[in-house]
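Here is a set of short exercises to work through at your own pace. Please keep the sequence and the structure open beside you as you go.

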Amino acid sequence: MSWYKTGTINVTNGSNAVTGYNTKWTNPLIGVCSGQMLILQTQNTIEIHEIASIQSDTQLTLAKTYSGTSKTGITYEIPTSPKVSIEALALRVSEMLNYYQIQLDAWQTILTGDGDVTLTAPNGQVVTIRSQLSISNELVKLVEQSQSFAQSARESATTATNASTSASNSENTASSHAESARLSATASANSAAQSRNSVVLAQQSENNAKQSEQNAAKSADDARQHASSIDPEQFIQKRELNTMIGNPGFEIMPSGLIRQWGVVQLPAVGDYNSVVIDSIKYYTNYYRILLPIAFPHHSDSVNVTFTCGTFSNQYTMFGISATANLDGSPTSFTVAILSSVLGYMPTIHYEIIGH
């Protein structure tokens, strides 16, 4: 036997009305109906009453008025599955089938219909659900509104950008006109100033030409005086310090410049400033070359090339380079020899010009 005893009830002396709290007496799945018993138990007393009718989930009527003491919030029990007649069973089955049909119709409306649908759960709870078509329509409306808002925002942004561009173009045009006017005024002023300066520049050019002529004459005189003061013995001594071979010499050119030349055999390449390039080890050695004579002021340019005595020793020149460097000294210059052969004794020819 099943019992329904959810919630509590109130009973009143002299009345056949029973009020329930948190009860679901009309739910067809529970099976509460007229003719069943309402059992009350208080302390050591058990009361049995007959149910005459069910008005709602929280209201039923007894077959006789209640003669006991009025009570509130008391527990109860209703046996819902006693042995019944075929007529009562048929009524119960019909009520259940009707409940399920109502549920199926409601779900059919949710899936295919429009609007809101109300469902009653087995525990009596009522739930309102929107149909899928209504939800879909609402989503379509929201998407259309969002697209409309986005389009409006894009149009507003375009309008603002165009307005800003127009304002910027107007400002640029005004600035361009002002700049053109300023440049015209400046050009006029510059033309006047250039006209005044032309006379001054012409006079300065004439003075510079005279000064250059005087400087050239003085340089030639200095070179001739320096050449006449050269001690031949000193010239030979400096040549020997650099292991000179061949005939060094010098000449004074018409411009007053002095050109010197010579051939020098340098000490053997040693293990200095090494670096590996493509698996080959190269060494860089630096040499200071003393000039046969000292320039009156300083050196201006130098050219250095390798020399060799015979064709057979030209193989040593492979992978070798010479770089000359002027440091402003009137008596010497520096040569950097890059070689991959240790012990190689380079011989160089140089020409140097100074004044």
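The exercises below use a predicted model, and each task is followed by a worked solution.

**Exercise 1. An open sheet**

Task: Find the order of the 6 strands in the open sheet, and work out which strands stand at the edges.

Solution:
- Step 1. Reading across the open sheet, the order is β4-β5-β6-β3-β2-β7, with antiparallel pairing.
- Step 2. The two ends of that order are β4 (37-42) and β7 (71-74); each has a single partner strand, so one side of each is left without a neighbour in the sheet.
- Step 3. On average, neighbouring strands of this sheet are turned by 35° against each other, direction ignored.
- Step 4. Now zoom in on one pairing: β5 (residues 45-56) and β6 (residues 59-62) run antiparallel and are joined by 4 bridges. One residue to look up is Ser 56, whose bridge partner in β6 is Gln 59.

**Exercise 2. An aromatic pair**

Task: Describe the geometry of the aromatic pair formed by Trp 25 and Tyr 76, then decide whether each residue is buried or exposed.

Solution:
- Step 1. The structure holds 2 aromatic pairs. In the one formed by Trp 25 and Tyr 76, the centres are 6.1 Å apart and the planes make an angle of 85°.
- Step 2. Planes over 60 degrees apart count as edge-to-face, so the pair of Trp 25 and Tyr 76 is edge-to-face.
- Step 3. Trp 25 lies in the loop between β3 (17-21) and β4, and Tyr 76 in the loop between β7 and β8 (78-79); the pair links distant parts of the chain, 51 residues apart.
- Step 4. Buried means under 20% relative accessible area. Trp 25 has 0% and is buried; Tyr 76 has 2% and is buried too.

**Exercise 3. Nonpolar cores**

Task: Which residues of the largest nonpolar core touch the most other members, and which elements give two or more residues to this core?

Solution:
- Step 1. The largest nonpolar core has 20 residues, and those touching the most other members are Leu 266, Ile 289, Phe 333, Val 335, Ile 337, Ile 348 and Tyr 350.
- Step 2. Two or more residues each come from β12 (258-265), β14 (280-290), β15 (299-307), β17 (332-339) and β18 (347-354).
- Step 3. Take Val 335 as an example: leaving aside neighbours within four places in sequence, its contacts include Tyr 287, Ile 289, Val 304, Ala 322 and Ile 348.
- Step 4. There is also a second, separate core of 16 residues, with Val 18, Ile 30, Leu 60 and Ile 74 among them.

**Exercise 4. Salt bridges**

Task: Say where the partners lie in the salt bridges of Arg 130 with Asp 116 and of Glu 179 with Arg 182.

Solution:
- Step 1. The count comes to 7 salt bridges. In one of them, the closest N and O atoms of Arg 130 and Asp 116 are 3.4 Å apart.
- Step 2. Arg 130 lies in strand β10 (residues 126-130) and Asp 116 in strand β9 (residues 116-120), so this pair ties together parts that are 14 residues apart in sequence. Arg 130 is partly exposed at 42% relative accessibility, whereas Asp 116 is exposed at 52%.
- Step 3. For Glu 179 and Arg 182, the closest N and O atoms are 2.4 Å apart. Both residues lie in helix α2 (residues 132-228), 3 residues apart, about one turn of the helix.
- Step 4. Lys 210 and Glu 206 also meet in a salt bridge, at 3.7 Å from N to O. These two are 4 residues apart in helix α2, so about one helical turn separates them.

Terms used. Residues numbered from 1 in each chain as written. Predicted model: local features only at pLDDT ≥ 70, side-chain atom pairs only at ≥ 80, totals over all residues. Heavy atoms only, no water. Pairing = 2+ DSSP bridges. Axes fitted to C-alpha atoms, helices over the stretch in contact; angles between N-to-C directions. Phe/Tyr/Trp six-rings, centres within 6.5 Å; stacked < 30°, edge-to-face > 60°. Buried < 20%, exposed > 50% of the residue type's maximum accessible area, 1.4 Å probe, protein only. Core = buried A, V, L, I, M, F, W, Y, C linked by side-chain atoms within 4.5 Å. Contact = heavy atoms within 4.5 Å. Salt bridge = Lys/Arg side-chain N within 4 Å of Asp/Glu carboxyl O.
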